[in-house]
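Take a walk through this model, one region at a time. Keep the sequence and the 3D view side by side.

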Amino acid sequence: MLGRTHLIFGLLLGLFFINFFNLGNVFILFVLLGSLFPDLDHPGSLISRFNFVFKDVSKIISKTIGHRTYLHTLEAGFLFSLLLAPVFSYFGFNVLFSTLGFFVGFIGHLFLDSLTRSGIPLFFNGVKWNLFKFKQKKHYGLKLIKTGSIEEGYLDLILFLLLIGLYLF
Ligand SMILES: [Zn+2]
């Protein structure tokens with residue numbers, strides 16, 4: 001999925017949670033971070049283009065573990081939530097809410113990517129070593145939408161309308 005779709009879905013998830021669970025607005029920022037984070041394995045992604053540090057990190061990740069491999073798994077969601085929790089806390093954010101927001105966004109990203117044709121590996125064992133690089137072995141998901149296609153455009157529109165609905169609600 002494109003960064004745009006992940007961003008809209010992240011906003012939707014964040015807004016849903018703060019509306020129904022009475023969380024502060026800053027919660028949305030962490031959901032957005034989690035929503036974009038898994039695509040750090042692709043140098044062309046929205047999060048990788050954020051600044052030169054992210055760009056370099058994403059180049060290293062894409063050259064070593066590759067796109068849609070380990071970063072597109074549930075284990076990575078848990079692992080990075082745990083690793084980033086002390087960082088969020090260090091910067092003065094409520095550790096529980098920031099980490100939860102990040103995790104929710106991360107899972108939302110995996111869900112959206114599971115709707116695409118190639119699906120996601122979902123677990124670490126869904127990745128294989130092939131031709132001297134890591135590749136996706138399992139392709140979990142509904143596989144309905146081709147990334148960047150007109151169908152994704154329709155999905156964006158639906159998510160956007162839901163977002164407006166939730167905002168007004
Ligand atoms: Zn992705």
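Among what covers the buried residues of α2 are two helices: α1 (3-21) and α5 (95-114). This is a predicted model. Helix α2 itself spans residues 26-36. How many of its 11 residues are buried? The count is 8, so the helix is mostly covered. The buried set starts with F27 and I28. It continues with F30, V31 and L32. G34, S35 and L36 complete the list.

Now move along the chain to the strands. Strand β1 covers residues 127-130, and strand β2 covers residues 133-136. How do they pair, parallel or antiparallel? The sense is antiparallel, with 4 bridges between β1 and β2. One of the residues involved is V127, whose bridge partner in β2 is Q136. Together the two strands form a hairpin, with 2 residues between them. In that turn sits L131, which has a positive phi of about 50°.

Next comes K137. This residue lies in the loop between β2 and α6 (150-168). Is K137 buried or exposed? Neither label fits: K137 is partly exposed, because 14 other C-beta atoms lie within 10 Å. Burial would need 20 or more, and exposure 12 or fewer.

Which residues does K137 touch, leaving aside its neighbours within four places in sequence? The contacts are P121, G126, V127 and K128. V127 is thus a link back to the hairpin: V127 is in contact with K137 and has Q136 as its bridge partner. N125 can be placed relative to K137 too. The two are 12 residues apart along the chain, and their C-alpha atoms are separated by 8.0 Å.

Definitions and conventions:
Residues are numbered from 1 along each chain as its sequence is written. This is a predicted model: local features need pLDDT of at least 70, side-chain atom pairs count only at pLDDT 80 or more; totals for chains, interfaces and linings use all residues. Two residues are in contact if their C-beta atoms, placed from the backbone, lie within 7 Å. Two strands pair if DSSP finds at least two bridges between them.
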